[in-house]
Structure formats: C-alpha cells, structure tokens
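This report covers the internal spaces of one protein model, along with a helix pair and a buried residue. The sequence and structure come before the details.

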Amino acid sequence: MLDLNMDDETPFLPRPPTRTSPILTVLSVAILIVAVVAAVMSGLIYMHLNAPAPHDEYLGHPVNLAVAKSAIKAYRSGGEYVSDMSLLTAKWMDHFVNLPALEPNSTKTVIFDIDDTVLSSYDEMLRIDFGYIAKLSDDYQRGANMTAIPQTKHLYEKLIKLGYQVVYITGRKDFMRPFTITNLEREGLSTYTELYLRSEEWYHATAQEFKTHIRTMLVQEKGYDIVGSMGDQWSDISGAYTGYQMKVINHCYFIE
C-alpha cells in the first residue's frame, strides 16, 4: 500500500513558474506608452504656455513698435473699433436718456474735446505712420478737413435734442480758432455755446491743468452745471467738475 504521508524530511519542491497572461502584458505596455505620451504632452504644453509671444522674445520688454502699429491698423480696419465705439456711445446715450427731462434754458452742460473725440485725425496718423511733427499737425488742422466720428456725433446730436448745452474745450492753440470753427461747421458739429482753445499763458500747462481751469471757471464764474465730459484722453475728463466721464477710444497717443 502506497504511503502518502510526508515526514519533515520530505524535500520542498518549488512551484513551476507562473505564466503571465498575454492580455496583461499588452495592457502593461499600453499603460506605459500612455504615461510616456502624457509626460511628453505635459512638457510641450508647459513650453507653449511659457513661451514668449511672437515678436516679443524678451518678456517684460515693451512691444515692438511695428507690431503695435499693425495691431492698431487691424483693430481699426477689422470692425472692432466701430463695434466698441457703438457700444460705448449707446451706454452713454442710455445714461442721459434716463435722466429727468430738462427744463427750458437749462444750464446743464456737457463738455466735449475735439481732436479724436468728435473729429478724427486717424487718416493723417496713417499717412505719417503714427508719427508727430508739430508743423505737420498744424498744417493738417489748418486744412479743416478732419471728418466727424459718427458715434460721438450721433451722441452730440442727441444731447442737443434733449436740451443740453455743449461747450468745446480743446488743447489746440488759439491761433487755430478760425480753422477749428470751419471744420466743426463742415462736419455738422457747430451747435455749441462756447469754444475754448489754449491762450498763450496756457501753452506750457498740461492738458488736464488747462481743461480743469476752464471747467472750474465755467461753473464758478459763469454758472454752468457740468453734468458730463467726453474726451479721448484721460486728461480730458479728469480733475474738478467733469460730471459723467466718457472716455473715447484712442490707442494712438497719450496726452497728460
């Protein structure tokens, strides 16, 4: 009779090696490949997000001037400027339309800048490649051929219908008065109460200083009630007695 009992001296026999399933092997390789691809993609994404912008190889430096000019041209010619200006002036229109109706002969007044607020110099800026030479600028203004900006002209016309007075305060020097009046008349912008240009004693003041001085005089000495100011520069609408501030879009230059 065969004895199946094993005593302590029976040698240990190792198990035969386990055979790995081919399916598990394929899955392991696939997971490894996915992990490698994910790591590579993560690196590429990081490099992309942290790469310098085109034409701006030196992070933190000013944008290249040629790139800035091209961006302005694209913004103006692609319809974005017109769209943005329309949205802005519609917002400003709503503000005034929703105010209480004015009494006849009201002293409530809106202040308007002129250059690149109601009259556009953009065509001239294009012609001289966005440069500035005082004599060329003066000659251009003497021509009195600047065109009205449609969106601000429409708001100007609406304000007059609502009974508001319009006063122009421009940084132009006083010898430009006749040419300025002619240009405003040509463009249908000649309904206004007063027109102020820089007199000689204000030639070297900042735009904000000059315009704040005129507004203060209008309120304190002439009894105007200034309820709004519009300009393409922050200096047009900063300081005392601005009322509701309306900043017209201008990416081309800055005046203090």
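In this predicted model, the second largest cavity is lined by Ile-111, Phe-112, Asp-113, Ile-169, Lys-211, Ser-229, Met-230 and Asp-236. Two strands, S1 (108-112) and S6 (225-231), each supply at least two residues of that lining. By class, the lining of the second largest cavity holds four nonpolar residues, one polar residue and three charged residues. Its volume is about 30 Å³.

A search of the whole structure finds two cavities of 30 Å³ or more. The largest cavity has a volume of about 40 Å³. Its lining consists of Arg-76, Tyr-81, Asp-116, Met-125, Ile-149, Ile-249 and Asn-250. Four of these residues are nonpolar, one is polar and two are charged.

The largest pocket contains about 900 Å³ of space. Its lining comprises 32 residues, and those nearest the centre of the pocket are Asp-115, Tyr-132, Ser-137, Gln-141 and Ile-255. Two or more lining residues come from each of helix H4 (122-127), helix H5 (134-142), strand S4 (165-173) and helix H8 (207-220). H5 gives the largest share, five residues.

The table sets out the linings by residue class.

| Space | Nonpolar residues | Polar residues | Charged residues |
|---|---|---|---|
| Largest pocket | 14 | seven | eleven |
| Largest cavity | four | one | two |
| Second largest cavity | four | one | three |

The next topic is a pair of helices. The axes of H3 (residues 80-97) and H6 (residues 150-162) come within 9 Å and cross at roughly 10 degrees. Angles under 35 degrees count as roughly parallel, and H3 and H6 are therefore roughly parallel to each other. On the H3 side, the contact is made by Val-82, Met-85, Ser-86, Thr-89, Trp-92, Met-93, Phe-96 and Val-97. These meet Gln-151, Thr-152, His-154, Leu-155, Lys-158, Leu-159 and Leu-162 in H6. The residues of the contact of H3 with H6 divide into nine nonpolar, five polar and one charged.

Is Thr-180 buried or exposed? Thr-180 has a relative accessible area of 0% and is therefore buried, the cut-off for buried being under 20%. This residue lies in helix H7 (residues 177-186). Leaving aside residues up to four places away in sequence, Thr-180 touches Ile-114, Arg-172, Leu-195 and Leu-197.

Methods:
Residues numbered from 1 in each chain as written. Predicted model: local features only at pLDDT ≥ 70, side-chain atom pairs only at ≥ 80, totals over all residues. Heavy atoms only, no water. 1 Å grid on protein atoms, 1.4 Å probe; cavity = no way out; pocket = protein on both sides within 12 Å on 5 of 7 lines; lining within 4 Å. Points joined across faces, edges and corners; volume = space filled by probe spheres on them. Helix = DSSP H or I, 4+ residues; strand = E, 2+ residues; numbered from the N terminus. Nonpolar A, V, L, I, M, F, W, Y, C, P; charged D, E, K, R; others polar. Axes fitted to C-alpha atoms, helices over the stretch in contact; angles between N-to-C directions. Parallel < 35°, antiparallel > 145°, perpendicular 65-115°, else oblique. Contact = heavy atoms within 4.5 Å. Buried < 20%, exposed > 50% of the residue type's maximum accessible area, 1.4 Å probe, protein only.
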